[in-house]
Structure formats: C-alpha cells, structure tokens
Amino acid sequence: MRRSGGTVMVLITVRLPPQATLEQATHRLGLRDEEVDLGYDLVLIDPRRGLYGLRVTEAAADRISPVAFGGTGPHSDPRIEPYGPPR
C-alpha cells in the first residue's frame, strides 16, 4: 500500500470494455475523483480479457469489490526503488 496525500492507495484490477477511459471506469465503478489516483490513470493489463488496473483508496476498493467487476484486489503497491548505492 502506498500513500497519496496522506490517503492509503491500493491497486485493483477490473474488466472493462475495449479502449475504456478512466472517466468511463470511474463512472462504471461508482468512484469519485478523490477516490482515484488520477495521475496513475487507467492501465491496460490484458487487452484480450479487457483487464485494467487502477489505484484507488483502500476504502473505495473495499466498497466496490473488484471481484464483482471481473477483477481482483486490493493489492499492495510498494514503491520500487534501487537497493544500495548506484554502481
């Protein structure tokens, strides 16, 4: 889990129609703008299955149940950083 502006954010996956937009996803999932990491956007994971990923607040993920939308989550979203000094 990662914090964004003090709010715990998690990753979820959901199935959406082809070429779905973040606006369409938030509408379909019943999410408000403040519950979604708008900078992360909507990420296409598997085009054949229409599987997309997005970052939402932990509370939003619990409320919408991604499984109901053919997805999974919530998943942690650890920061990826180099380990040790640069070589």
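**Exercise 1.** In this predicted model, determine whether Asp 41 is buried, partly exposed or exposed, and describe its backbone and its place in the chain.

*Solution.* Step 1: the relative accessibility of Asp 41 is 37%. Step 2: buried requires a value under 20% and exposed a value over 50%, with partly exposed in between. Asp 41 therefore counts as partly exposed. Step 3: Asp 41 is located in the loop between helix 1 and strand 3. Step 4: although Asp 41 is not a glycine, its phi is positive, at about 70 degrees.

**Exercise 2.** Establish where Gln 19 lies and whether it is buried or exposed.

*Solution.* Step 1: Gln 19 belongs to the loop between strand 2 (7-15) and helix 1. Step 2: its relative accessible area is 72%. Because exposed means over 50%, Gln 19 is classed as exposed. Step 3: the backbone of Gln 19 has a positive phi of about 55 degrees, and this residue is not a glycine.

**Exercise 3.** Locate Glu 35, classify its accessibility and identify its surroundings.

*Solution.* Step 1: Glu 35 sits in the loop that runs between helix 1 (22-29) and strand 3 (43-46). Step 2: Glu 35 has a relative accessible area of 6%. Since buried means under 20%, Glu 35 is buried. Step 3: leaving aside residues up to four places away in sequence, Glu 35 touches Met 9, Gly 30, Arg 55, Val 56, Thr 57, Ala 60 and Arg 63. Step 4: a polar atom of the Glu 35 side chain lies 2.9 Å from the backbone nitrogen of Arg 32.

Technical notes:
Residues numbered from 1 in each chain as written. Predicted model: local features only at pLDDT ≥ 70, side-chain atom pairs only at ≥ 80, totals over all residues. Heavy atoms only, no water. Helix = DSSP H or I, 4+ residues; strand = E, 2+ residues; numbered from the N terminus. Buried < 20%, exposed > 50% of the residue type's maximum accessible area, 1.4 Å probe, protein only. Polar contact = N/O pair within 3.5 Å; in protein donor to acceptor, adjacent residues only side chain to side chain. Contact = heavy atoms within 4.5 Å.
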